[in-house]
Amino acid sequence: MEQAPMATASTPPMRHRSERSTPVEPSQRETLTQVQVLRALAATSVALRHAQHDAATLELEAGRTFRAWDPIPWSAGVDIFFVISGLIMVHTSRQLFAKTGGARLFLSRRIARIVPLYWSVTTLYLVVALLAPTFLNQSYINFRFVIESYFFIPTARPDGVVQPVYELGWTLNYEMLFYVLFTAAIVLPMRWAVTVLLTTLAGMVLAGRLAAPLSEPFAFWTDPIILEFAFGAIIGIMCASGLRPSGLIRACVAATGLGALMLAAAFPDISIGLTRPVVYGIPASLIVWSAALAPGDLRHESLAARWGAGVGDASYALYLLHPFVIRAMRIFFWRTGLILVLGPWAFIASALAITLGVAIITYRLFEKPATRRARRLLGVGSSARQQLRPCPVPAHPNTDRSSATTLPAGDRANAIRMD
């Protein structure tokens, strides 16, 4: 449905119009299967960290001790998400760069993708805060705080922690900042846009360090963690260039990243003195690099890879919903006495399994339909792609105009959702 009509050699004017009106966002459904699997693992790692925390609480209430299993810092799943986000924004937006209307289409689709589920979860959290506040970890809620949370404005709570009403939303505050910066840069050709984006991110961090201490939200927006989006954007350029290293090289790079995370977990005191992009961001980038640059064709993927990629589709729901499920399971295990009979690891396994099921159901029955509805409301449904045109940017005489919108055959073969 997204291919331009074929034109014969005898009708060059029609071919010219076809090239200029070819849909410029088919890559929204492109993906790299191993990156999708990595998204699933990243979300699961964050959920595992929180499940172990609740297991420790249960064991303490039962008069026992619980020793967490932390071969790597499970919270580094967030850093993997940030790197993947930088990669995916470049990878799926290649045909939006330097297109009239591309910036609006990009930002609108990001809003449609992020806002419905996040606002719904935040509203659910507020309902719980009103009806059963003892279930929550914090009770600071006022009108301004709620409004700023809904609109991704970083705000410090009375305890000094910069988090929205629903605490996990701090990562989305960074995501939305990155989307705004990306929107400003996407009016340029891809390589120029990424160069401007990287310079902006690095400049913001440098300015934040030179002007410290800054008030909020500027201190939050200039935190070095935003460099992890830059790491991902660089990987996105590598993907677009067609770089495909050998399996041995990719395995060595991934092992290096994993080993660095294991060292960070083994020597936390040393890690504290370094910035997060160094301790978690660089290792996460190595792991994402090895997954993103793998040759892939969904038709030849294993069943496990396909299943993992499907979980990757639901990773956003998994990330946002897991605290609700884990807390409910904690209450259930305590009140029924199951924690005394089955032990903490049965609780963890059960909580993660149910979380996964809830995430997949939520993705299919709520998140996907809500995203489609939001896109229609914003006027960026599938028909909006047809309306994009190249921006009137002077081209170099030796530049092939068609190369700006032509995808490598290997990239066209990758075909599951990643937006």
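Arginine 144 counts as exposed, at 62% relative accessibility, where exposed means over 50% relative accessible area, buried under 20% and partly exposed in between, computed with a 1.4 Å probe on protein chains only. The model is a predicted one, in which local features need pLDDT of at least 70 and side-chain atom pairs count only at pLDDT 80 or more, while totals for chains, interfaces and linings use all residues. Residues are numbered from 1 along each chain as its sequence is written, and side-chain values use heavy atoms, with hydrogens and water left out.

Arginine 144 forms a salt bridge with glutamate 148, the closest N and O atoms being 3.1 Å apart; the term denotes a side-chain nitrogen of Lys or Arg within 4 Å of a carboxyl oxygen of Asp or Glu. Both residues lie in helix H5 (residues 143–150), four residues apart, about one turn of the helix, with helices (H or I, at least four residues) and strands (E, at least two) taken as DSSP runs and numbered from the N terminus. Unlike its exposed partner, glutamate 148 is buried, with a relative accessible area of 12%.

The structure holds seven salt bridges. Among them is the contact between the side chains of arginine 327 and aspartate 54, at 3.6 Å from N to O. This pair links distant parts of the chain, with arginine 327 in helix H14 (residues 315–336) and aspartate 54 in helix H2 (residues 33–61), 273 residues apart. Aspartate 54 also forms a salt bridge with arginine 330, where the closest N and O atoms are 3.7 Å apart. Here too the pair links distant parts of the chain, arginine 330 lying in helix H14 and aspartate 54 in helix H2, 276 residues apart. Asp54, Arg327 and Arg330 are thus linked in a network of salt bridges. Each member of this network is buried: aspartate 54 at 6% relative accessibility, arginine 327 at 16% and arginine 330 with a relative accessible area of 17%.

Zero disulfides are present in the structure, a disulfide being a pair of cysteine sulfur atoms within 2.5 Å. Cysteine 239 is buried, with a relative accessible area of 0%, whereas cysteine 252 counts as partly exposed at 44% relative accessibility.

A search of the whole structure finds 22 aromatic pairs, for which rings of Phe, Tyr and Trp (its six-membered ring) must have centres within 6.5 Å, planes under 30 degrees apart counting as stacked, over 60 as edge-to-face and the rest as tilted. One of these pairs is formed by phenylalanine 97 and phenylalanine 182, which are tilted, at 5.7 Å centre to centre and 50 degrees between the planes. The two residues lie 85 residues apart, phenylalanine 97 in the loop between helix H3 (77–92) and strand S1 (99–100) and phenylalanine 182 in helix H6 (residues 170–185), and both are buried. They belong to one aromatic cluster, whose members include Phe82, Trp170, Tyr174 and Tyr179. Over the face of tyrosine 179 lies arginine 110, at 5.6 Å from the ring centre; a charge sits over a ring if NZ of Lys or CZ of Arg is within 6 Å of the ring centre and within 35 degrees of the ring normal.

Helix H16 (residues 344–377) has 34 residues and reaches 46 Å from its first C-alpha to its last, close to the 50 Å expected at 1.5 Å a residue, the expected span being 1.5 Å times one less than the number of residues. At tyrosine 363, H16 bends by about 45 degrees, the bend being the angle between axes fitted to the seven residues ending there and the seven starting there. Just after H16, glycine 379 takes a positive phi of about 75 degrees.
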